[in-house]
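Dear colleague,

I am handing over the structure below for your consideration. My findings follow directly after it.

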Amino acid sequence: MSHIAIRVDASQAIGTGHVSRMHVLASMLQASGHQVTLVCRDLPGNLIAVSHEQGLTVAVLPAPKNSLSNTDWLGVSQQQDAEETTAYVANPPVDLMVVDHYALDAHWEQSIHTQLGCPVMVVDDLANRPHDCAFLLDQNPWPDLTTRYASQLLNPQTRCLLGPDYALLRPAFAALHHSPPPREDKVIAFFSGTDPTGESRKLVDAVKHLEQEQKIERLPFSLLIVTGRRNPDRDALCKAPVSDGVRVVEALSDFDAHMARARYAFGAAGVTAIERSCLGVPSTLVCVAENQHAMAEYLAGQPGYQYLGRGEHTRWQDYASALQHLAANWHQLPTLPAITDGKGAERVVAALEHDLCN
């Protein structure tokens with residue numbers, strides 16, 4: 001049994017996607033018999049309680065003295081973060097450190113390797129900074145995967161796990177991909193755990209205005225909007241009256257099953273875009289964070305996608321137009337080729353175990 005530490009954060013500024021995918025990896029590693037410790041800083045909007053609820057061990061780093069800005073997601077220097085991380089996980093000895101954090105780079109990775117004496121695995125999708133690691137995982141469907149991480153960003157010895165074949169999706173997605181349920185006349189919407197640009201509100205307003213202006217008598221589908229646990233507008237959205245056929249919820253324990261039964265989706269261009277592809281659900285994409293822009297632009301040119309643009313520029317009118325177009329073409333929806341079978345986490349764990357044991 002190996003002791004594997006995972007350095008990852010969630011916050012209102014960072015979002016929840018990094019921790020969500022590390023929950024998948026941590027659970028899969030634990031199921032394979034490894035001891036896993038998540039290392040998370042105490043930030044506003046963190047998912048530490050959720051990690052505990054999922055049966056994961058969490059080492060909580062102290063909150064930074066100053067509030068996080070949109071450009072400073074770490075709150076401390078990389079050196080301080082490495083020293084605190086080492087102090088919190090050094091006993092028992094760490095056999096592998098996994099880091100999924102845009103604010104950390106080769107300086108932090110070298111410090112961890114020196115202090116803990118273990119290899120480092122980096123989870124990244126920006127390819128905008130150098131890394132010093134034994135493994136690198138990028139699960140996104142980039143067109144330039146083979147050249148994306150040039151020699152100046154990685155050591156030649158780094159083993160790269162690239163593309164959606166290694167996507168860290170919950171096991172339910174592999175099961176639903178293999179045995180899909182019948183589709184329903186339903187559209188599901190989810191714009192990340194924090195919905196930083198307020199897309200859920202825009203979508204609710206779009207339906208209301210369509211009905212008030214009598215531009216559409218009735219949508220030919222039900223609409224399920226999942227706000228996300230860290231959406232600051234979630235309480236108001238969930239309590240407000242909505243149109244017939246529209247349901248707004250904070251979260252769903254069986255979100256994956258609802259997605260598999262939907263014929264269409266609205267959502268962000270993050271990991272849920274890979275989840276939707278796994279289940280063959282066509283969608284309208286919105287970029288709700290800067291790191292999603294390149295992936296949204298790429299997917300926009302693929303079959304089965306519509307793209308509304310960046311969330312800071314979208315309006316309820318854009319959603320109203322999209323809903324009208326969707327209603328008019330409901331029985332001629334495009335198909336979405338699956339880009340993954342949902343077994344990426346299994347492949348990642350197998351690759352790690354093979355290299356760590358040899």
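The crossing of helices α1 and α13 is right-handed in this model, which is a predicted one. Helix α1 comprises residues 17-31 and helix α13 residues 344-356. Their axes lie 10 Å apart, and the two helices pack at an angle of about 60°. Angles from 65 to 115 degrees would count as roughly perpendicular and those under 35 as roughly parallel; α1 and α13 are therefore oblique to each other.

On the α1 side, the contact is made by Val24, Leu25, Met28 and Leu29. On the α13 side, Ala345, Glu346, Val348 and Val349 take part. By residue class, the contact of α1 with α13 consists of seven nonpolar residues and one charged residue, with no polar ones.

The other finding concerns a pocket. The second largest pocket has a volume of about 200 Å³, and 15 residues line it. Of these, Tyr264, Thr284, Gln306, His325 and Leu326 are the closest to its centre.

Which elements give two or more residues to this lining? They are β11 (264-268), β13 (305-310) and α12 (316-328). Strand β13 gives the most, with four residues. The lining of the second largest pocket divides into nine nonpolar and six polar residues, and no charged residue belongs to it.

To recapitulate, the contact of α1 with α13 includes one charged residue, whereas the lining of the second largest pocket includes none.

Yours sincerely

Technical notes:
Residues numbered from 1 in each chain as written. Predicted model: local features only at pLDDT ≥ 70, side-chain atom pairs only at ≥ 80, totals over all residues. Heavy atoms only, no water. Axes fitted to C-alpha atoms, helices over the stretch in contact; angles between N-to-C directions. Parallel < 35°, antiparallel > 145°, perpendicular 65-115°, else oblique. Left-handed = near helix turned anticlockwise from the far one by under 90°. Contact = heavy atoms within 4.5 Å. Nonpolar A, V, L, I, M, F, W, Y, C, P; charged D, E, K, R; others polar. 1 Å grid on protein atoms, 1.4 Å probe; cavity = no way out; pocket = protein on both sides within 12 Å on 5 of 7 lines; lining within 4 Å. Points joined across faces, edges and corners; volume = space filled by probe spheres on them.
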